[in-house]
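Visitor: I would like a close look at one part of this model, namely its charged side-chain pairs. Please take me through them slowly, and then turn to the nonpolar side of the picture.

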Amino acid sequence: MLKICVPVKSVYDPNRVVVARDNLIDFSQMQRKLNDADRNAVELAVQLKEKYSCYACGLSVGPSKDALYEAKAMGLDDVYWVRTEYDVHGTVKAKILARAISKIDKFDLIVAGEASIDNYSMQLVPRLAVELGIPFVSRVGKILDLDLQNKIIKLIRYGTGHEITYAVKLPAIISVTREINTPRYVPLLRLKQAMSFPIKELSLKDLGLDENELDKYSTFTTLRIEPIIIKRRNIVKIFSDEAIKELINLLKEEGVL
(Lines give C-alpha, C1' and ligand atoms only; values in the text may rest on other atoms or scores of the structure.)
Protein backbone atom coordinates (compact mmCIF):
# COMPACT_ATOMS: atom_id res chain seq x y z
CA MET A 1 0.00 0.00 0.00
CA LEU A 2 1.27 3.45 -0.95
CA LYS A 3 1.72 5.71 2.08
CA ILE A 4 1.32 9.48 1.96
CA CYS A 5 2.16 12.12 4.57
CA VAL A 6 0.93 15.71 4.48
CA PRO A 7 2.72 18.32 6.65
CA VAL A 8 0.17 20.95 7.64
CA LYS A 9 0.46 24.23 9.51
CA SER A 10 -1.92 25.96 11.87
CA VAL A 11 -1.81 29.68 11.01
CA TYR A 12 -3.52 32.74 12.42
CA ASP A 13 -6.58 33.75 10.43
CA PRO A 14 -5.62 37.04 8.66
CA ASN A 15 -9.32 37.88 8.26
CA ARG A 16 -9.72 38.07 12.03
CA VAL A 17 -6.81 40.25 13.12
CA VAL A 18 -7.15 41.65 16.63
CA VAL A 19 -5.24 44.89 17.32
CA ALA A 20 -4.41 45.90 20.89
CA ARG A 21 -4.27 49.47 22.19
CA ASP A 22 -0.53 49.75 21.55
CA ASN A 23 -1.11 49.02 17.83
CA LEU A 24 0.39 45.54 18.20
CA ILE A 25 -1.43 42.42 17.06
CA ASP A 26 -2.99 40.55 19.98
CA PHE A 27 -2.31 36.94 18.97
CA SER A 28 -3.84 35.62 22.19
CA GLN A 29 -7.26 36.70 20.92
CA MET A 30 -6.87 35.45 17.35
CA GLN A 31 -8.18 32.19 15.91
CA ARG A 32 -6.07 29.71 14.00
CA LYS A 33 -6.98 27.76 10.88
CA LEU A 34 -5.51 25.28 8.42
CA ASN A 35 -3.06 27.03 6.09
CA ASP A 36 -4.67 27.70 2.69
CA ALA A 37 -2.16 25.88 0.49
CA ASP A 38 -2.09 22.96 2.94
CA ARG A 39 -5.80 22.45 2.32
CA ASN A 40 -4.94 21.82 -1.35
CA ALA A 41 -2.23 19.37 -0.27
CA VAL A 42 -4.67 17.51 1.99
CA GLU A 43 -7.26 17.45 -0.78
CA LEU A 44 -4.74 15.92 -3.19
CA ALA A 45 -3.72 13.28 -0.64
CA VAL A 46 -7.37 12.36 -0.02
CA GLN A 47 -8.05 12.19 -3.76
CA LEU A 48 -5.09 9.83 -4.23
CA LYS A 49 -6.27 7.81 -1.25
CA GLU A 50 -9.76 7.44 -2.73
CA LYS A 51 -8.49 6.58 -6.22
CA TYR A 52 -5.60 4.25 -5.36
CA SER A 53 -6.59 3.01 -1.86
CA CYS A 54 -3.56 4.69 -0.31
CA TYR A 55 -2.91 5.46 3.34
CA ALA A 56 -2.74 9.20 4.08
CA CYS A 57 -1.93 11.00 7.31
CA GLY A 58 -1.35 14.57 8.44
CA LEU A 59 1.52 15.92 10.52
CA SER A 60 1.79 19.29 12.24
CA VAL A 61 4.56 20.96 14.25
CA GLY A 62 3.83 23.94 16.47
CA PRO A 63 2.00 25.19 19.56
CA SER A 64 -1.48 24.53 18.10
CA LYS A 65 -3.15 21.40 16.74
CA ASP A 66 -6.21 23.21 15.31
CA ALA A 67 -5.19 22.57 11.69
CA LEU A 68 -5.25 18.82 12.22
CA TYR A 69 -8.97 18.75 12.99
CA GLU A 70 -9.90 20.16 9.59
CA ALA A 71 -7.32 17.95 7.88
CA LYS A 72 -8.83 14.89 9.54
CA ALA A 73 -12.36 16.02 8.65
CA MET A 74 -11.31 16.25 5.00
CA GLY A 75 -10.57 12.51 4.99
CA LEU A 76 -7.08 11.71 6.27
CA ASP A 77 -6.65 8.40 8.05
CA ASP A 78 -4.55 9.65 10.97
CA VAL A 79 -3.14 12.92 12.28
CA TYR A 80 0.06 13.49 14.25
CA TRP A 81 1.17 16.50 16.27
CA VAL A 82 4.62 17.51 17.50
CA ARG A 83 4.04 20.14 20.18
CA THR A 84 6.47 23.07 20.44
CA GLU A 85 6.26 26.10 22.71
CA TYR A 86 6.14 28.54 19.77
CA ASP A 87 6.05 28.60 15.97
CA VAL A 88 9.54 27.51 14.93
CA HIS A 89 10.91 28.75 11.61
CA GLY A 90 11.67 26.69 8.53
CA THR A 91 15.18 25.46 9.31
CA VAL A 92 14.22 24.01 12.68
CA LYS A 93 10.80 22.81 11.56
CA ALA A 94 12.31 20.89 8.64
CA LYS A 95 14.55 18.97 11.05
CA ILE A 96 11.62 18.20 13.36
CA LEU A 97 9.36 17.12 10.48
CA ALA A 98 12.06 14.89 9.02
CA ARG A 99 12.55 13.10 12.34
CA ALA A 100 8.80 12.73 12.86
CA ILE A 101 8.19 11.42 9.33
CA SER A 102 10.98 8.88 9.70
CA LYS A 103 9.64 7.74 13.07
CA ILE A 104 5.95 7.44 12.13
CA ASP A 105 6.35 5.25 9.04
CA LYS A 106 8.17 4.70 5.78
CA PHE A 107 6.30 7.05 3.47
CA ASP A 108 6.36 6.91 -0.32
CA LEU A 109 5.09 10.42 -0.99
CA ILE A 110 5.17 13.66 0.98
CA VAL A 111 2.60 16.20 -0.25
CA ALA A 112 2.96 19.75 1.05
CA GLY A 113 1.48 23.17 0.36
CA GLU A 114 3.61 25.57 -1.66
CA ALA A 115 3.91 28.11 1.17
CA SER A 116 2.26 29.34 4.36
CA ILE A 117 0.25 32.55 4.36
CA ASP A 118 1.97 33.91 7.47
CA ASN A 119 5.48 34.29 6.01
CA TYR A 120 5.45 32.85 2.45
CA SER A 121 9.19 32.06 2.51
CA MET A 122 8.71 28.87 0.44
CA GLN A 123 11.77 27.43 2.21
CA LEU A 124 10.33 24.70 4.42
CA VAL A 125 9.57 22.05 1.79
CA PRO A 126 12.95 22.13 -0.02
CA ARG A 127 14.69 22.07 3.37
CA LEU A 128 12.61 19.06 4.34
CA ALA A 129 13.58 17.31 1.10
CA VAL A 130 17.26 17.86 1.94
CA GLU A 131 16.76 16.51 5.47
CA LEU A 132 15.01 13.39 4.12
CA GLY A 133 17.42 12.99 1.19
CA ILE A 134 14.66 12.43 -1.38
CA PRO A 135 13.76 14.08 -4.73
CA PHE A 136 11.69 17.27 -4.62
CA VAL A 137 9.43 18.94 -7.21
CA SER A 138 7.92 22.35 -6.48
CA ARG A 139 4.85 24.13 -7.89
CA VAL A 140 3.07 20.95 -8.92
CA GLY A 141 -0.20 21.88 -10.62
CA LYS A 142 -1.44 18.52 -11.89
CA ILE A 143 -0.99 14.80 -11.24
CA LEU A 144 -1.07 12.79 -14.47
CA ASP A 145 -0.56 9.25 -13.21
CA LEU A 146 0.55 7.20 -10.23
CA ASP A 147 2.18 3.88 -11.07
CA LEU A 148 1.80 1.83 -7.88
CA GLN A 149 3.70 -1.17 -9.17
CA ASN A 150 6.86 0.71 -10.14
CA LYS A 151 6.24 3.51 -7.63
CA ILE A 152 6.53 6.34 -10.14
CA ILE A 153 4.43 9.49 -10.10
CA LYS A 154 3.94 11.51 -13.26
CA LEU A 155 3.10 15.17 -12.78
CA ILE A 156 3.20 18.66 -14.27
CA ARG A 157 5.16 21.50 -12.72
CA TYR A 158 3.98 25.02 -13.52
CA GLY A 159 6.76 27.48 -14.25
CA THR A 160 6.64 31.09 -15.44
CA GLY A 161 4.87 30.85 -18.76
CA HIS A 162 5.63 27.16 -19.27
CA GLU A 163 4.87 23.65 -18.00
CA ILE A 164 7.30 20.79 -17.34
CA THR A 165 6.24 17.14 -17.16
CA TYR A 166 8.18 14.96 -14.71
CA ALA A 167 8.23 11.25 -13.95
CA VAL A 168 9.54 10.95 -10.39
CA LYS A 169 10.65 7.78 -8.66
CA LEU A 170 9.23 7.42 -5.16
CA PRO A 171 9.90 8.15 -2.35
CA ALA A 172 9.69 11.86 -3.17
CA ILE A 173 8.28 15.12 -1.88
CA ILE A 174 6.18 17.61 -3.83
CA SER A 175 4.74 21.03 -3.09
CA VAL A 176 1.46 21.92 -4.73
CA THR A 177 -0.02 25.19 -5.92
CA ARG A 178 -3.53 26.30 -5.03
CA GLU A 179 -4.54 25.76 -8.68
CA ILE A 180 -4.15 21.99 -8.43
CA ASN A 181 -7.64 21.45 -7.01
CA THR A 182 -10.56 22.90 -5.11
CA PRO A 183 -10.55 21.63 -1.51
CA ARG A 184 -13.78 19.93 -0.50
CA TYR A 185 -16.26 21.62 1.78
CA VAL A 186 -16.18 20.31 5.34
CA PRO A 187 -19.61 20.29 7.04
CA LEU A 188 -19.69 21.49 10.64
CA LEU A 189 -20.92 18.08 11.84
CA ARG A 190 -17.96 16.31 10.26
CA LEU A 191 -15.58 18.87 11.79
CA LYS A 192 -17.07 18.27 15.23
CA GLN A 193 -16.69 14.52 14.73
CA ALA A 194 -13.04 15.03 13.77
CA MET A 195 -12.45 17.02 16.95
CA SER A 196 -13.29 13.90 18.95
CA PHE A 197 -10.78 11.83 16.97
CA PRO A 198 -7.59 11.10 18.96
CA ILE A 199 -4.58 13.06 17.75
CA LYS A 200 -1.34 11.12 18.09
CA GLU A 201 1.09 13.39 19.90
CA LEU A 202 4.87 13.19 19.69
CA SER A 203 7.34 15.13 21.79
CA LEU A 204 10.78 16.37 20.78
CA LYS A 205 12.16 13.81 23.23
CA ASP A 206 10.31 11.04 21.38
CA LEU A 207 12.11 12.16 18.23
CA GLY A 208 15.52 12.21 19.91
CA LEU A 209 15.72 16.00 19.68
CA ASP A 210 16.73 18.54 22.29
CA GLU A 211 15.05 21.94 22.25
CA ASN A 212 18.21 23.72 23.37
CA GLU A 213 20.17 21.96 20.63
CA LEU A 214 17.66 23.09 18.01
CA ASP A 215 18.01 26.73 19.11
CA LYS A 216 21.43 26.93 17.46
CA TYR A 217 19.74 26.56 14.07
CA SER A 218 17.53 29.61 14.71
CA THR A 219 18.97 32.26 12.42
CA PHE A 220 16.52 35.06 13.25
CA THR A 221 14.11 36.21 15.94
CA THR A 222 10.83 38.04 15.45
CA LEU A 223 10.99 41.21 17.52
CA ARG A 224 7.75 42.97 16.68
CA ILE A 225 4.66 42.49 14.50
CA GLU A 226 2.55 45.56 13.77
CA PRO A 227 -0.55 45.97 11.61
CA ILE A 228 -0.47 48.40 8.71
CA ILE A 229 -2.60 51.37 9.70
CA ILE A 230 -3.99 53.44 6.84
CA LYS A 231 -4.83 57.01 7.84
CA ARG A 232 -7.36 58.64 5.57
CA ARG A 233 -7.65 62.38 5.06
CA ASN A 234 -11.11 63.52 6.01
CA ILE A 235 -11.70 66.16 3.35
CA VAL A 236 -15.19 67.49 2.82
CA LYS A 237 -15.99 69.67 -0.18
CA ILE A 238 -19.32 71.29 -0.96
CA PHE A 239 -20.27 71.71 -4.62
CA SER A 240 -22.93 74.03 -5.97
CA ASP A 241 -26.05 72.74 -7.74
CA GLU A 242 -24.75 74.10 -11.06
CA ALA A 243 -21.45 72.22 -10.71
CA ILE A 244 -23.25 68.98 -9.92
CA LYS A 245 -25.57 69.37 -12.94
CA GLU A 246 -22.57 70.08 -15.18
CA LEU A 247 -20.80 66.95 -13.89
CA ILE A 248 -23.89 64.83 -14.53
CA ASN A 249 -24.22 66.16 -18.07
CA LEU A 250 -20.55 65.39 -18.77
CA LEU A 251 -20.97 61.82 -17.46
CA LYS A 252 -24.04 61.35 -19.67
CA GLU A 253 -22.10 62.56 -22.71
CA GLU A 254 -19.37 60.03 -21.96
CA GLY A 255 -21.95 57.27 -21.62
CA VAL A 256 -21.17 56.62 -17.96
CA LEU A 257 -24.71 57.42 -16.88
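Guide: Happy to! One cut-off first: a residue counts as buried under 20% relative accessible area, as exposed over 50%, and as partly exposed in between. Please also keep in mind that this is a predicted model.

By that scale, Arg184 is partly exposed, because its relative accessible area is 22%. Its salt-bridge partner is Glu50, and the closest N and O atoms of the two are 3.0 Å apart. Glu50 sits in helix α1 (residues 36-52), whereas Arg184 belongs to the loop between β10 (172-176) and α5 (188-195), so this pair ties together parts that are 134 residues apart in sequence. Glu50 itself counts as exposed, at 52% relative accessibility.

Now for another pair. Lys9 and Asp118 form a salt bridge with 2.8 Å between their closest N and O atoms. Here the link joins two loops: Lys9 is in the one between β1 (3-8) and β2 (10-12), and Asp118 is in the one between β6 (109-113) and α4 (124-132), so parts 109 residues apart in sequence are tied together. Lys9 is buried, with a relative accessibility of 12%, while Asp118 is partly exposed at 43%.

Next come Lys33 and Asp36, whose closest N and O atoms are 3.0 Å apart in their salt bridge. Lys33 is partly exposed, at 23% relative accessible area, and Asp36 is buried, at 18%. These two also belong to a network of salt bridges that links Lys33, Asp36 and Arg178. The structure holds 15 salt bridges, including the pairs described here.

Helix α1, where we met Glu50, leads us on to the nonpolar side. The largest nonpolar core has 39 residues, and Ile4, Val6, Val42, Leu109, Val111, Ile174 and Val176 are those with the most contacts inside it. Two or more residues each come from β1, α1, α2 (66-73), β5 (78-83), β6, β7 (136-147), β8 (152-158) and β10. Of these, α1 gives the most, with seven residues.

For a view from inside that core, pick Leu109. Leaving aside neighbours within four places in sequence, Leu109 is in contact with Lys3, Ile4, Cys5, Leu48, Ile153, Leu170, Ala172 and Ile174. Apart from this core lies another, of 28 residues, with Tyr55, Ile96, Ala112 and Leu204 among them.

Technical notes
Residues numbered from 1 in each chain as written. Predicted model: local features only at pLDDT ≥ 70, side-chain atom pairs only at ≥ 80, totals over all residues. Heavy atoms only, no water. Salt bridge = Lys/Arg side-chain N within 4 Å of Asp/Glu carboxyl O. Helix = DSSP H or I, 4+ residues; strand = E, 2+ residues; numbered from the N terminus. Buried < 20%, exposed > 50% of the residue type's maximum accessible area, 1.4 Å probe, protein only. Core = buried A, V, L, I, M, F, W, Y, C linked by side-chain atoms within 4.5 Å. Contact = heavy atoms within 4.5 Å.
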